[in-house]
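The points below are offered as a colleague's reading of the structure, and they are best followed with the sequence and coordinates open alongside.

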Amino acid sequence: MKIQAIQNSSVQPQFQGLFKTTTPQQENKKINKKEVVKIGAAVLATALAATTITNIIRGRNYTRQLRNIEEAYRRNMDTMTEPYRRRINDLTENLNAERSANAGLRQANADITELNRQLNQELQDTKSQLDDILNSDTGISGIRDKVYDNLKAVTDKAELGYDAMEPPVTGLGQKKVYTDAIDLPARVKTTNRANMRVLDIPEIEPSGRFHFEMPKSEEMKVTQIDKTRNFTPRSDQMTNVSESYADSVQWNNDKIARDVLQNFFDGHGQTLDGVRFNFEPVGNGRYRVRIEGDSSYSADKAIFIGESTKRDNAKAAGNYGEGLKMASLKLIRDKGAKDVKIGSDNWDLTFKLMENDLTDKQVMGYDLEKTAKKAGNYIEFETDDRDLLETLRKTINRFYHSGNEHFKTPDFENNIFGLKVLKQPKKGFGGIDIPGEKGAIYIAGQRFEYDGDYDGLQGAIIFLKEKPPKNVLDPSRDRTTLNQTDLRNISEWLCKRYDLSKEDRIKLINTLEPVWDNTETPLGNFFDAFAWYQGSIRGGVHINFPDNYVAYSPASPELVQDLERKGYKVCNKNMEDLGMQTIKNLMGDARKHDPIKPTEAQMKKIAVLKEAIKKLAPSLKAEGFAPAEIDTKIFIFNNTKPKESRLYASALAEAITDGGASKGFWIDKNYLDSANFSEVLETALHEISHKVGGDETAEFSYKLTNVNKRVIQQILEEPQTRSELQALGKLWEKYTQTPAAV
């Protein structure tokens, strides 16, 4: 528990919300009523015990008041606790019955509010009564010097019996054992396309001249027209595409070049092998561009949007039959082309802008001529944009071809996709980003932008051999840039594919070992999604990982760094579902606080507190505490440190429990230094009682009530215990007032 020191204020800070009135609507959202009323018992027990212990230890003239004290305590504890417990249980049952029908919540809330008001009033009345009795001028007779001296000799040594800088390991888990787990195979790059000759594309001459023929290869599967069609030539035919439509197409030179080359790529069987480029200067700062390929197609595919043979072809880069039309419109409207000529088989087509009598905007039109039958196809236009020439040249390597080195010997490849791991981006000294090696992502052989850049995928080359379905990635007209979410969606799609074999899954996981410990890079994010989905699907793979690999579970940065210094690789948390041990398996629960080395005075105060708990051993044994729990371990933290989360900013103490046993507790440095003995003693009893559950549980409420009852009874009935606790209280005051002199 994160407990505040118990004061004489009307409501303790950590329980102030208990006495607030809320509406039924707020009640539904904010309050678990069963838990609220159970907490009330713990509040009452803690406050009564703290008040009683405080006043017994401080009291005077004990002999004349002992009987009154016993009667007052028992009357208040027995008459208050049991009736309220019954009322709380009754109210809880009523609320549970009403919750299912969502009726009567307003009255139930009012009842809880009134009950809490009465609890608070009774608490204040009892505390006032006990203060009047125990703080009257009837204190306990003097503490025997021998008792004080004996205890001082013990506490002055400040021998704790444990290392105050090494909190106990709790929650040590057992690594899941999977009977179907297999060992990781050796990481071996593929030999796919190992004999590839990386294409050396020449530079464009200063004049703008460029002649280049892509080598032909056996990979080419050229598409040929199945039947030459007879048609009537026509001139000045208008389409329904207006000039202003170009404004809706957000294409720069990169996208124009992409769609100019895309038809050649698909026509050659998803490769640019065999495509021929010819750029010639024609004067006045203009250049003629002619690109030729070996495939052929009919004129309707060039004219009509929607007429495409590629829409249902998952391995084709195009979709809608509009890419070439839109690229032609942009060339004419924005890139200085007077017209764009396209030809194949027995036809030539010229796209141009035309006036019309329906609007003041020009529209895209065409002339269609019949020609002698010719092999292959071409596109030809003039432009005054020299940068477009450079972009066309760069775009060659934005498609698959037999000389594109991105596809040479990938680290992983099957019939679905391939992947190459490059140098990863990382954080350098001072948090400065160090870029990784430039990579790319290809879909159906065509490179896509990632984060607005065709070279934006740092640290990896990923190529999908077919287009994902639209619910995974929508291949819109503009094919806008991909991002982290798209990468995760692609990873999920790959993971869920039935045809991704178990062997391939394991090979892929092994291939991605360089990013097992990093989810921040694009490839790490891709793997994070794959590992998560792999762990969640039925029939996922399980692996026997090396012992020096651990999956992350909540831990402090210091603990992670310590593990890394010892040779462990702390990996993605999702690796647990693949069979990797976790930090919790290896180290137990993560520390919630950083231990502080006690000063000499603090060591002695801890020794005082430990002795006090030992003196109460008969009561604690009767309540089921083992000797190791009574000989508690106390560790200091500082709740004002920046590392402490907001959750602990006001925490004065917190229990350390493990499997239903108390392993000690944390105590805030400033609280230890300043609080009085009886407050800290009650805090200690409170924390070790958490062995049975948290603040919200009935088990804890009952355990704390019974512990306090037995402890106070022991103090009342055993003069030796009283004398020892009084002596320890005096020593506590001594170590508080003169810490430098101890």
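1. In what follows, a residue counts as buried when its relative accessible area is under 20%, as exposed when that area is over 50%, and as partly exposed in between. The model is a predicted one, and every value quoted here should be read with that in mind.

2. I would begin with Glu380, which belongs to strand S7, the run covering residues 363-383. Its relative accessible area is 18%, and because the cut-off for burial is under 20%, Glu380 is classed as buried. Once its neighbours within four places in sequence are set aside, Glu380 is in contact with Arg288, Val289, Arg290, Asp339, Val340 and Lys341. Of these partners, Val340 is 40 residues away from Glu380 along the chain, yet their C-alpha atoms are separated by 6.0 Å.

3. The side chain of Glu380 also makes a polar contact, at 2.8 Å, with the side chain of Arg290. Both residues take part in a network of salt bridges that links Lys216, Arg276, Arg290, Glu292, Asp294 and Glu380.

4. Strand S7 also contributes Lys373, whose side chain meets that of Asp345 in a salt bridge with an N to O distance of 2.4 Å. This pair links distant parts of the chain, since Lys373 is in strand S7 and Asp345 is in strand S6 (residues 340-354), 28 residues apart. The two partners fall into separate accessibility classes: Lys373 is exposed at 57% relative accessibility, whereas Asp345 is buried with a relative accessible area of 2%. Across the whole structure, the search finds 46 salt bridges.

5. Another salt bridge joins Asp528 and Arg488, with the closest N and O atoms 2.9 Å apart. Asp528 sits in helix H13 (residues 522-536) and Arg488 in helix H11 (residues 484-496), so this pair ties together parts that are 40 residues apart in sequence. Here Asp528 is buried, with a relative accessible area of 12%, while Arg488 is partly exposed at 26%.

6. A further salt bridge is formed by Asp562 and Lys566, where the closest N and O atoms are 3.1 Å apart. Asp562 is partly exposed, with a relative accessible area of 23%, and Lys566 counts as exposed at 55% relative accessibility.

7. Turning to the helices, H7 spans residues 253-267 and has 15 residues, reaching 22 Å from its first C-alpha to its last, which is close to the 21 Å expected. That agreement should be read together with a bend of about 30° at Leu261. At the N-terminal end of H7, Asn252 acts as a cap, with a side-chain oxygen lying 3.1 Å from the backbone nitrogen of Asp254. Just after H7, Gly269 takes a positive phi of about 85°. The helix is mostly covered, with 14 of its 15 residues buried.

8. Which residues of H16 are buried? This helix, residues 600-615, has 16 residues and reaches 23 Å from its first C-alpha to its last, close to the 22 Å expected. H16 is mostly covered, as 12 of its 16 residues are buried. The buried residues are Ala601, Gln602, Lys604, Lys605, Ile606, Ala607, Val608, Leu609, Lys610, Glu611, Ala612 and Ile613.

Methods:
Residues are numbered from 1 along each chain as its sequence is written. This is a predicted model: local features need pLDDT of at least 70, side-chain atom pairs count only at pLDDT 80 or more; totals for chains, interfaces and linings use all residues. Side-chain values use heavy atoms; hydrogens and water are left out. Helices (H or I, at least four residues) and strands (E, at least two) are DSSP runs, numbered from the N terminus. Buried means under 20% relative accessible area, exposed over 50%, partly exposed in between (1.4 Å probe, protein chains only). Contact means heavy atoms within 4.5 Å. A polar contact is a pair of N or O atoms within 3.5 Å; within protein, one must be able to donate a hydrogen and the other to accept it, and residues adjacent in sequence count only if both atoms are side-chain atoms. The expected span of a helix is 1.5 Å times one less than its number of residues. The bend at a residue is the angle between axes fitted to the seven residues ending there and the seven starting there. A salt bridge is a side-chain nitrogen of Lys or Arg within 4 Å of a carboxyl oxygen of Asp or Glu.
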